Amino acid sequence: MTNPSTPPLSGAPLLEVQGLGIRFGGLHAVRDVTAQLQPGRITAIIGPNGAGKSTFFNLISGFYKPTSGRIIFRGEDITPLRTHLVVGRGIARTFQTTTIYQELSVLDNAMIGHRVRTRAGLLDALLRTGRERHDESESRAGAMRALERVGLAGQAALPAGALNQEGKKRVGIAMALASDPHLLLLDEPAAGMNPEETENLMGLIRQLVSGGLSIALVEHKMNLVMGLADDILVLHHGQKIAQGTPAQITRDPAVVEAYLGSHAHGGQMGQEQEQGGQPGTVQDAGVDHA
Ligand SMILES: Nc1ncnc2c1ncn2[C@@H]1O[C@H](COP(=O)(O)OP(=O)(O)OP(=O)(O)O)[C@@H](O)[C@H]1O
């Protein structure tokens, strides 16, 4: 499924990884992955537990340095850059477990997102040193713009802890958006959300993309992935086994095998199977539909 607002492919990828890999001791967590992410699109990265999805995100965002391969973003080789420089180039991410500061206001959280991501100075941000005060108005404006984008401008003064689960997720996304990225990486954005909240989140993601943002997400909930993604990259044992549209991916024998295999070996996917899935598809392979 392609978003109605999806722009035609212009040719130049937004992000390209070439032979990307990382080893942890003897474990090859990501191995020789070559793939492209196109601008203005939603790319989902899926795969059984332990497939290397989060590690892939950590590589792209500069948290881990690859042991092989290159990462090209908007035509620039960003492989050697440290995290805050990667953010400066326009890649921001959320985390599986979003760290928000419950006692601080929604606005302060978004401002911390702006400062941490652009200056790599959490302590500065929390202690409000002179340098930070100097940047305060810039951060405030950036944070407010981010809150408007996630629909939280009206709750800016509330303590973040007063928001419901969906609101807290939106704060986490605003923290990432505060650096005004070109590419937003969402790590399991729907984790812990009920179906209604998940639907709302999908609406927000579509809205952000129609506003010009490109998004890559790691997600286990297949209804979200299949309903949202323009393009899906499938990892298994750290390797890319397929990339294509949701329709292509659900019928890809290697993908079905990877999911069925992981299900058969102790149900690694760990989620219940929904009634009525189509036989021989990823939906049928023990993947969570939420
Ligand atoms: N910092 C690290 N040190 C050692 N091993 C790691 C590290 N980070 C990840 N791994 C290992 O790399 C492999 C891939 O992990 P990763 O978290 O990327 O998988 P995943 O696909 O995101 O899994 P899940 O769906 O469970 O979140 C796993 O075997 C994991 O234990």
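In the predicted model, six strands are arranged as an open sheet in the order β6-β7-β8-β3-β9-β10, with mixed pairing. Strands β6 (91-93) and β10 (239-244) stand at the edges and each has a single partner strand, so one side of each is left without a neighbour in the sheet. From one strand to the next, the twist averages 20 degrees. At the end of this order, strand β9 (residues 231-236) pairs with β10 in the antiparallel sense over five bridges, and within this pairing the bridge partner of Leu233 in β10 is Gln243. Helix α1 (residues 53-60) packs on the sheet, where it touches β3 (42-46), β6, β7 (183-187), β8 (214-218) and β9, and the direction of α1 makes about 150 degrees with that of β7.

A further pairing involves strand β1 (residues 15-24) and strand β2 (residues 27-37), which run antiparallel and are joined by seven bridges; Glu16, for instance, has Gln36 in β2 as its bridge partner. The two strands form a hairpin with two residues between them, and Gly25 in the turn has a positive phi of about 60 degrees.

The ligand is surrounded by Phe24, Leu27, Ala29, Gly47, Asn49, Gly50, Ala51, Gly52, Lys53, Ser54 and Thr55. Two or more residues of this shell are given by each of the elements β2 and α1, and α1, with three residues, gives the most. By residue class, the shell around the ligand divides into four nonpolar, six polar and one charged. Helix α1 thus appears in both settings, packing on the sheet and giving three residues to the shell around the ligand.

Terms used
Residues numbered from 1 in each chain as written. Predicted model: local features only at pLDDT ≥ 70, side-chain atom pairs only at ≥ 80, totals over all residues. Pairing = 2+ DSSP bridges. Helix = DSSP H or I, 4+ residues; strand = E, 2+ residues; numbered from the N terminus. Axes fitted to C-alpha atoms, helices over the stretch in contact; angles between N-to-C directions. Contact = placed C-beta atoms within 7 Å. Near = placed C-beta within 6 Å. Nonpolar A, V, L, I, M, F, W, Y, C, P; charged D, E, K, R; others polar.
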